[in-house]
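Colleague: Could you take me on a close look at one part of this model, the place where the two chains meet? I would also like to hear how the partner chain is put together behind it.

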Amino acid sequence: MSQTRFVGKPIARIDALEKALGKTRFMSDLVFPNMLWGKVLRAAYPHARICRIDTSRSEQLPGVRCVLTHRHVMGLNGFGIVKPDQPVLCHDKVRYVGDAVALVAAETESIAEEALGLIQVDYDPLPVVEDPEEALSEYAPKVHEQGNLLLRTKLQKGDVKQGFTEADVTLEQRYSTQLFEHAFLETEGGIGIYDEESGVITVYCGSQYAFRDQLQIARALDWDPKKIRVCSSPVGGAFGAKDEITIQIYLALLAYYTRCPVKIVLSREESFISHVKRHPMRLDVRLGATKVGELKALDVRILSDTGAYASLGGPVLNLALEGAPGPYRIPHTHLLGRAVYTNNGMSGACRGFGATQSCFAMEITLDMMAEQLRIDPIELRLKNVLRRNDLSAIDHLIFTSVGIEETLKIARDSELWRTRDIRKRDFQPPIFYGVGVASEMQALGLGKGIPDFAGVSIELDRDGSFLLRQGCIEIGQGNLVCFLQMAAEVLQCDIERMRLTHGDTFASPDSGSVTASKSIYLVGNALYLAAKTLLQELERFASETIGEPMRYQECELVGPSRRIPLHELAQTAHSQGRQLKGEGHFVHPTSDKDYGDGLPHCLYSFITQVASVVVDAETGMVKVHDVLSIPDCGRAINPQGVEGQCEGGVVMGMSYALLEKVELQHGRFLTDNFSTYTLPTAADAPLTNKTVIVESMEPTNPFGAKGMAEPPNVAICPAILNAIYDAIGVRIFDIPVTPEKLLAEIERQRKI
Amino acid sequence: MPDQVTIECIVNGKQVRTSIPSGMLLTELLRDVLGLTGTKVACGKGECGACTVLLDDEPVNACLMLAAQVNGHSIVTIEGLASDNEATALQQAFVEEGAIQCGYCTPGMILAAEALLRRKPEPSEEEIREGISGNLCRCTGYTKIIQAVQKAGVLRMRQKA
Ligand code: FES
Ligand code: FES
């Protein structure tokens with residue numbers, strides 16, 4: 001698809017105007033008649049046995065309609081994307097402070113709140129498992145019966161010992177990352193409704209995958225999934241945290257037991273302690289290279305603190321390992337990871353999905369290697385850069401598009417990079433200027449062996465417009481306009497001629513989750529097939545009706561002697577009771593190798609980011625000045641959307657590098673709102689935040705697209721840390737680099 | 001009921017007279033009583049600006065105010081900014097510049113920017129950053145929001161001239 005009318009154009013998002021006018025209804029905005037308020041009783045301890053739950057006083061409070069505990073869960077009392085080890089309502093034990101013990105529905109929010117206080121739960125506190133290393137000792141208290149190890153994964157290629165003997169320089173470093181909060185702005189909120197007559201339970205609640213929510217709700221309620229409708233779009237931000245179930249099952253249960261609509265909206269504090277976070281990890285990296293900068297061997301060991309329940313802790317660990325070598329050819333690798341249960345809240349999917357942590361460690365190591373070898377950091381990366389049809393550092397064939405080399409060349413030629421030494425002269429001590437670079441390779445899709453598909457159907461409406469039925473959710477990323485741009489390209493019609501459904505399990509086929517930066521790629525493929533099928537269908541029907549061969553062209557059907565506008569054809573079909581539609585179903589391609597548990601992937605987006613910082617060596621303050629993001633996301637369906645992902649990702653990643661950290665003490669949150677957990681404001685954002693898009697056309701997508709939600713918030717973190725080193729010659733290996741930490745390190749180095 | 005109070009105020013140009021519990025928050029009055037759900041609540045503690053509305057032209061965090069406090073005052077919410085559903089230049093600029101992603105911060109952000117432009121019709125970039133620094137946005141990284149406010153400022157000056 002070289003000549004395009006819609007794809008690749010910066011068309012305004014279809015949802016933007018409504019949002020600007022304040023008309024958009026998020027799920028937490030909905031209100032229904034006779035609506036009750038629901039509340040969740042969370043655990044009083046991070047780790048405790050439950051001895052007794054007494055709800056009698058709470059039930060007697062006037063205005064209370066029901067109080068539910070584990071006894072009321074009709075089906076499986078558990079949920080979890082990979083394994084359902086998280087109780088819907090805790091029965092014998094609580095494992096983190098966000099665990100749910102009971103639910104209340106009452107006539108007003110304040111009665112519900114009061115009712116929570118009247119529930120009597122007797123606990124027998126257990127020792128809190130805080131340190132993931134200690135959690136693995138055989139004497140450690142067990143978070144789960146079967147032990148504290150969730151997953152151990154090992155990947156290797158070649159002979160890493162041999163590789164290190166071939167290396168002239170070997171570097172070894174330990175890194176650590178913090179617990180990090182997504183801080184989406186819309187807290188978990190929504191409504192459950194039970195319609196007794198039809199037996200349908202409807203749950204309105206923002207999430208990242210309505211169709212999986214539907215199954216998880218059905219499993220917990222022992223209900224026919226076909227009788228569970230989930231509407232979960234649009235969402236006021238998610239970044240991975242709403243991939244897992246949040247309050248959906250509570251809504252369904254409360255609606256079922258009260259026969260009334262029940263609304264729950266979590267406070268910021270409750271949201272903060274209960275939903276998943278980004279995993280804190282400890283990473284030991286050993287990297288060997290020859291004098292001329294050829295990477296020879298990489299050994300990485302990761303210890304990941306997954307918190308109380310599995311959720312996506314296993315896949316996150318695996319992606320951290322797969323992503324660890326970055327976009328480089330390395331002949332000998334040994335990558336070992338363990339994910340461990342603790343009582344430190346719980347972690348799961350978060351933008352970057354493990355690659356965030358391993359990229360941080362690898363890209364700083366590479367920077368140190370470049371310095372040791374006296375090679376320019378970008379040249380070192382270019383020397384080892386991965387190309388299409390190479391074998392990866394985990395030994396699988398990269399048969400999809402790879403644009404990382406070009407991103408590095410653009411970085412190298414950029415003004416920001418070229419002027420880095422000259423611009424240093426503009427600053428006087430104690431103020432220092434520095435520039436850093438980092439690259440990343442982000443796996444897209446769910447990986448080998450995990451069902452990963454999208455279904456789409458497109459119908460011709462009776463007025464001649466198109467209805468695109470797809471199930472993916474709008475969580476802020478802007479995929480809806482991209483879907484329409486792609487469909488418009490094939491259907492040769494204006495965007496205004498189309499409508500689309502999103503995030504409603506009763507309105508469309510299952511189009512997969514909005515995770516792993518994958519919806520543009522998968523839905524794009526499926527809608528291409530659907531649109532092509534629809535066009536054939538239109539031509540067949542027109543030919544039948546008219547009696548001569550008709551071809552579709554620009555919303556008309558054209559035959560040797562006649563032209564019919566599409567709306568006429570639509571009316572004809574409608575009057576005959578014919579629904580003209582096309583369906584498309586696309587299954588994600590997979591790698592030739594199979595390492596189990598979703599490894600490896602086969603499709604990747606890439607990014608190189610350059611950042612300049614100004615460091616005040618007296619206060620330890622770091623200001624990020626300029627950022628250049630150079631993503632390779634395949635064809636950019638909507639360049640403005642790609643820029644938006646980059647700009648937002650940069651600020652989130654900057655904050656990961658410098659500012660944010662969830663503080664826990666003995667399993668309790670010391671930070672649980674925006675005054676204790678500070679987020680960057682417009683005043684903190686970089687002075688310039690630019691994007692240059694590289695488009696390596698992806699052969700397995702008809703539009704050439706891949707994806708771009710995660711990478712911009714990944715490489716930026718090590719780029720900033722490398723820039724700090726360039727500025728003041730101080731390296732920090734655990735993030736965030738707070739002013740106190742930086743000052744202490746400056747002080748320490750001064751003494752040596 | 002003893003703790004009910006009657007208030008009279010103007011919301012988006014319309015006279016409102018209603019009896020409410022004295023402890024009711026302004027966000028509750030707007031969202032739950034008047035159905036103006038464009039005003040968002042993301043922290044409930046004055047930390048994020050999602051609930052920003054204009055009180056007699058000044059931006060305030062509605063989550064920190066009691067509804068009773070607006071008795072005799074005039075409120076503009078996001079729904080009341082545009083007349084006849086026609087987006088204002090500022091709203092249009094947010095749309096065109098790509099300043100809206102999830103959109104949850106958007107109403108508060110636009111009202112904070114509106115207040116800024118009323119106070120300072122041609123703000124510098126620095127002043128814009130400062131002017132919206134009470135409003136958190138997790139999605140956009142602020143770049144396009146700043147551009148949108150700049151663009152709207154220029155447009156408004158031109159319209160006036
Ligand atoms: S909701 Fe009012 S400031 Fe956050
Ligand atoms: S657009 Fe999502 S928080 Fe601003």
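Modeller: Happy to; what follows goes through the contact between the chains and then turns to the domains of chain B. Please keep in mind that this is a predicted model.

Let's start with the extent of the contact. On one side, 43 residues of chain B take part, and they touch 52 residues of chain A. Together the two chains bury about 3,700 Å², with 54% of that area on carbon and sulfur atoms. Three residues stand out on the chain B side: B:Gln101, B:Arg129 and B:Arg138 supply 22% of the area that chain B buries against chain A, more than any other three residues.

Next come the polar links. Six salt bridges are counted between chain B and chain A. In one of them, the side chains of A:Glu269 and B:Lys45 meet, at 2.7 Å from N to O. The count of residue pairs in polar contact between the two chains is 27.

Which elements of chain B give two or more residues to this side? They are helices H2 (78–81), H3 (89–97), H4 (106–119), H5 (125–131) and H6 (143–160) of chain B. H3(B) gives the most, with five residues. Sorted by class, the residues on the side of chain B that touches chain A are 17 nonpolar, 14 polar and twelve charged.

Now for chain B itself. Its domain assignment gives domain 1 (4–80) and domain 2 (89–160), and the centres of these two domains, taken over C-alpha atoms, are 22 Å apart. Where they touch, domain 1 of chain B contributes 16 residues and domain 2 of chain B contributes 13. Between them they bury about 1,200 Å², 63% of it on carbon and sulfur atoms.

One salt bridge is counted between the two domains. B:Arg118 forms a salt bridge with B:Asp57, and their closest N and O atoms are 2.6 Å apart. Five residue pairs are in polar contact across this domain interface. On the domain 1 side, strand E3 (residues 52–55) of chain B provides the largest share, three residues. By class, that side of domain 1 has nine nonpolar, four polar and three charged residues.

To finish, a brief look at strand pairing in chain A. Strand E2 (residues 48–54) of chain A pairs with strand E4 (residues 93–94) of chain A in the antiparallel sense over two bridges, and A:Arg49 stands opposite A:Lys93 in E4(A). E2(A) also runs antiparallel to strand E6 (residues 120–125) of chain A, joined by six bridges; here A:Ile53 stands opposite A:Val121.

Conventions. Residues are numbered from 1 along each chain as its sequence is written. Chains are lettered from A and ligands numbered from 1 in the order in which they are written. This is a predicted model: local features need pLDDT of at least 70, side-chain atom pairs count only at pLDDT 80 or more; totals for chains, interfaces and linings use all residues. Side-chain values use heavy atoms; hydrogens and water are left out. Two strands pair if DSSP finds at least two bridges between them. Helices (H or I, at least four residues) and strands (E, at least two) are DSSP runs, numbered from the N terminus. Contact means heavy atoms within 4.5 Å. Buried area is the accessible area (1.4 Å probe) that two parts lose on being put together, summed over both. A salt bridge is a side-chain nitrogen of Lys or Arg within 4 Å of a carboxyl oxygen of Asp or Glu. A polar contact is a pair of N or O atoms within 3.5 Å; within protein, one must be able to donate a hydrogen and the other to accept it, and residues adjacent in sequence count only if both atoms are side-chain atoms. Ala, Val, Leu, Ile, Met, Phe, Trp, Tyr, Cys and Pro count as nonpolar, Asp, Glu, Lys and Arg as charged, and the others, Gly among them, as polar. Domain bounds come from an automatic or database domain assignment.
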